[in-house]
Structures are given as structure tokens and as C-alpha cells.
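Q: I'm new to reading structures and would like a close look at one helix in this model, the fifth one of the first chain. Could you walk me through that part and then show me what sits around it?

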Amino acid sequence: MITTFSFAKEEKHEGEGDIKTEIKEYINHHLLDSHDFSLTSYTNGAGEHKYIGFPLPVILWDNGLKIFSSSKFHHGESVAEVNGEYYTLFHNKVYKTDAAGTINLDDDHHPTNIKPIDFSITKNVFTIFLVGLLMFVMFSRMAKKYKTGSIPRGMGRFLEPIILYIRDDIAVPNIGEKKYKRYMPYLLTVFFFIWIINLLGLTPLGVNVTNNIAVTLALALITYFLTTFTANKNYWGHIFWMPGVPTPMKIILAPIELLGTIIKPFSLMIRLYANITAGHIVLMSIIGLMFIFKNWIGSSLSFGLAFALSLLELLVAALQAYIFTMLSALYFGSAVEEHHEDH
Amino acid sequence: MTIPNIVGAGLIVIGAGLGIGKIGGSAMDAIARQPEASGKIQTAMLIAAALIEGIGFAALFAA
């Protein structure tokens, strides 16, 4: 939010320029991953852009490993030279180029330059590492405290009810008393990971990891593989040879059920991605409205609306983590369900 | 975005809104009848709403 503020203030000083398109561009930029961690930027008296933030390493595979700092790109304003090869940023993606930084576009405005394989520690990757580290430190410290006494202290006081809720209201009813323990580590990890990372997305840091579809794809794939590889005979029986229906129906049902196993993680992926993306776009647009109205009624109204929406987004952050965990537990439950005689 | 896309997106939102609204309303009725089962009803409600939402988003992407 602060970044939007500073940006829009900058726009006001310049006076000219179409604020609406600038805001649209800003939102699009916010939704993308980037190669540096910049909090805000401003134009100083001399008319040059100053960025507050820090660069992140760029790791490329292009006839050998190339590692350099993203500060060489100067926020996409210049060409980075590494061992005689030139790279440039185009829409936050790294392309190979010449010393002048030429980008050849085809008819659809897609660059035809060579794109090296990019393993960079981008803003999203950096945030994922940060959250992983944070969770590791937080939970290992909490676990240590339980060894000295069973009464939770510190963070444990706040988080113990949540962990118990996941165990008693998500894992046990969906997976079953006997098998739930195997899945608890994953369910807890995925819940807290999505929750923390969604909450970080609402801070002025400007990170938003879960609106990258690759991240949610990875999360959904883990659920898919866990379901597939821990499934028992009964689960596969229900997919390929549905018991209790006539034989022609069994043949029709098998491909549908098989497709269903893929649609389930697919919907997990889309749900998380679309919810967070939609939330961010709406929130940023309403913050942007403040600077379009430029009068005290409209601006304060949209400020109030932005505040209310931020509160709603806080709820959505937790709700999406809950739903992802809940549905994962449901799928695991269906994979390990024992045979019942009553159907 | 072309006009059919926008109309399609609007139809999807109407459909998903009606669906989730129906689930919410039914859950309210159920909770009013049996307040002691509100926890279970809420869970079932959220799952059903999430499933509809998932399909709605998938359709929005297609539109």
C-alpha cells in the first residue's frame, strides 16, 4: 500500500500523465514476480529514479551456470554484462541480448530473443525461503518448550488451539482416527505456510506469492501425489471398477472418476490463485481510486472501503488456508477409506 | 475483453453468487433449527461453497 502511495504522490507532483493507465500498470507490475526486492521508489531533485530495497541473485543456465546480482539490471533500465554475454529484463523476464539491449518482437509482441533457463532467487522464491525459515525457527522453538512442561508458553498459547483445531476438526473427522497421524505434518505445514504467506501479502512489503500460479500448482501437486501414492486398494477400486453399479455404468464411470482425480488438485490450485489475485487487484484498484478522485468525499470513501476490504482480505487469507487444508484432508480421507459393507 | 466474454463472466458470477447464496441461506436455516450442530454445518457449508467457487473461477478463466 505504501508503495502505491509513494507512487501516486510522485504522479501528482508531475501533474501530467494519465493516472488511470499508470495505476493499471502499477497493479500489473505488483502482480508479477520480480528480480529485486524493492519497497518503494521516488524521483529525487535531480530527476533520477531512486529505489529503496535490495537486489537478489540472478541464476541463469545458458551454456553454463551464470550467477550475478540483479543490481546489474538497474531495475530493468540497463543491460547486464556477464563474461561477455549480455542479458536484459523485458517484462520482468530475463532475455539474452546484445550490448545495446535490443529486443526483437514478433507480431504478437512476444520477444524472439533467446530466453536462458532461469533459476533465479526472485522475490517470490526469497519470500518462500523466508517463510520456511520463519516457520522452522518458530515451530522448533515451540516444540522445545513442550519438552519441559505440557503447558504452552509464548507463541504456543496462541497457536496451540489452532493446531488442535486442525487435528480434531479437520484431520480426524475427514481422514479417520486410525490413519490421520501420517498426514498431520503435511496438513499443519500447508496450513501455516499458506496463512503466513497470505498475511505477508497484505503487508506493505508488496510480496504476493500465492497469486503466482506456479506456487499454488506446486502445493496442489504435493496434495495430488500424497493422495495418489498413499491410496489403498479400495480407492482405486472406486475409480476403475465402481462397486454397486451395473457393468456398463462401471465402464462409463471409470474415465470420469480418473479425470476427477486430476480435477480435484486443479481446483485447489485455481481456487487459491484466483482468490488471492482477485483480492489483490480489487484492493489495489480501490486504493488507486483515492488518487483518481482527488476530492475529500471520494478519497475518504475509498479509503474507508479499502480499510474494510483489507479486513476482509485478512479473513480470506485464513479462510483460503483453511479450505486448502480441509480439502486436502478430505482427499486423503477418500484415499485411505476402509471398505464399508453398507454401500 | 470482448462483449461475449464480459457477458459470460457476468453470467458466471450470477450463477456462482446464487449457488453460494443458497448454501449460505440453507446453512442459516439449519443452524437456526439446530444451534448445537452449528460447527458441523459451518464446515459442510464452507466445503460446498469452496467447490462452487472453484468451478466458478475455472469458468471465469475460460471466459
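A: Sure, let's start with the inward-facing part of the story. In helix α5 of chain A, the buried residues are Tyr180(A), Tyr183(A), Leu187(A), Leu188(A), Phe191(A), Phe192(A), Phe193(A), Ile194(A), Trp195(A), Ile197(A), Asn198(A) and Gly201(A). Keep in mind that you're looking at a predicted model.

What do those residues lean on? The buried residues of α5(A) pack against four helices of chain A: α3 (123–148), α4 (155–175), α8 and α9 (296–336). As for α5(A) itself, it covers residues 180–201, which makes 22 residues. From its first C-alpha to its last it reaches 31 Å, close to the 32 Å expected at 1.5 Å a residue.

Now zoom out a little. Chain A has nine helices and eight strands. Of its 343 residues, 26% count as buried. If you take the contacts in chain A with a separation of 6 or more, 58% of them are between residues 24 or more positions apart.

One of the helices that α5(A) packs against, α8(A), is worth following. Helix α8(A) spans residues 247–293, and its axis comes within 9 Å of the axis of helix α2 (residues 38–62) of chain B. The two axes cross at roughly 80 degrees, and α8(A) and α2(B) are therefore roughly perpendicular to each other. On the α8(A) side, the contact is made by Ser267(A), Ile270(A), Arg271(A) and Ala274(A). On the α2(B) side, you'll find Ala50(B), Glu53(B), Gly54(B), Phe57(B), Ala58(B) and Phe61(B). Sorted by class, this helix-to-helix contact has six nonpolar, two polar and two charged residues.

Also in α8(A) is Ala278(A). Is Ala278(A) buried or partly exposed? It has 14 other C-beta atoms within 10 Å, so it comes out as partly exposed. The C-alpha atom of Ala278(A) is separated by 33 Å from that of Asn104(A), which is 174 residues away along the chain.

What about the whole contact between the chains? It takes seven residues from chain A and eight residues from chain B. On the chain A side, α8 and α9 each supply at least two residues, and the largest share, four residues, comes from α8(A). By class, the chain A side divides into five nonpolar, one polar and one charged.

Finally, a peek at the strands of chain A. Strands of a sheet pair through backbone hydrogen bonds, either parallel or antiparallel. Three strands of chain A form an open, antiparallel sheet in the order β5-β6-β7. Here β5 (80–82) and β7 (93–97) stand at the edges with a single partner strand each, so one side of each is left without a neighbour in the sheet. From one strand to the next, the twist averages 35 degrees. Strand β6(A), residues 85–90, is joined to β7(A) by five bridges, and Thr88(A) stands opposite Tyr95(A) in β7(A).

There's a hairpin to spot too, made by β3(A) and β4(A). Strands β3(A) (residues 57–61) and β4(A) (residues 65–69) pair in the antiparallel sense over five bridges, with Leu60(A) opposite Lys66(A) in β4(A). Three residues lie between the strands, and in this hairpin Asn63(A) takes a positive phi near 55 degrees.

Key:
Residues are numbered from 1 along each chain as its sequence is written. Chains are lettered from A and ligands numbered from 1 in the order in which they are written. This is a predicted model: local features need pLDDT of at least 70, side-chain atom pairs count only at pLDDT 80 or more; totals for chains, interfaces and linings use all residues. Axes are lines fitted to C-alpha atoms, for helices over the stretch in contact, and angles run from 0 to 180 degrees between N-to-C directions. Angles under 35 degrees count as roughly parallel, over 145 as roughly antiparallel, 65 to 115 as roughly perpendicular and the rest as oblique. Two residues are in contact if their C-beta atoms, placed from the backbone, lie within 7 Å. Ala, Val, Leu, Ile, Met, Phe, Trp, Tyr, Cys and Pro count as nonpolar, Asp, Glu, Lys and Arg as charged, and the others, Gly among them, as polar. The expected span of a helix is 1.5 Å times one less than its number of residues. A residue is buried if 20 or more other C-beta atoms lie within 10 Å of its own, exposed if 12 or fewer, and partly exposed in between; C-beta atoms are placed from the backbone. Two strands pair if DSSP finds at least two bridges between them.
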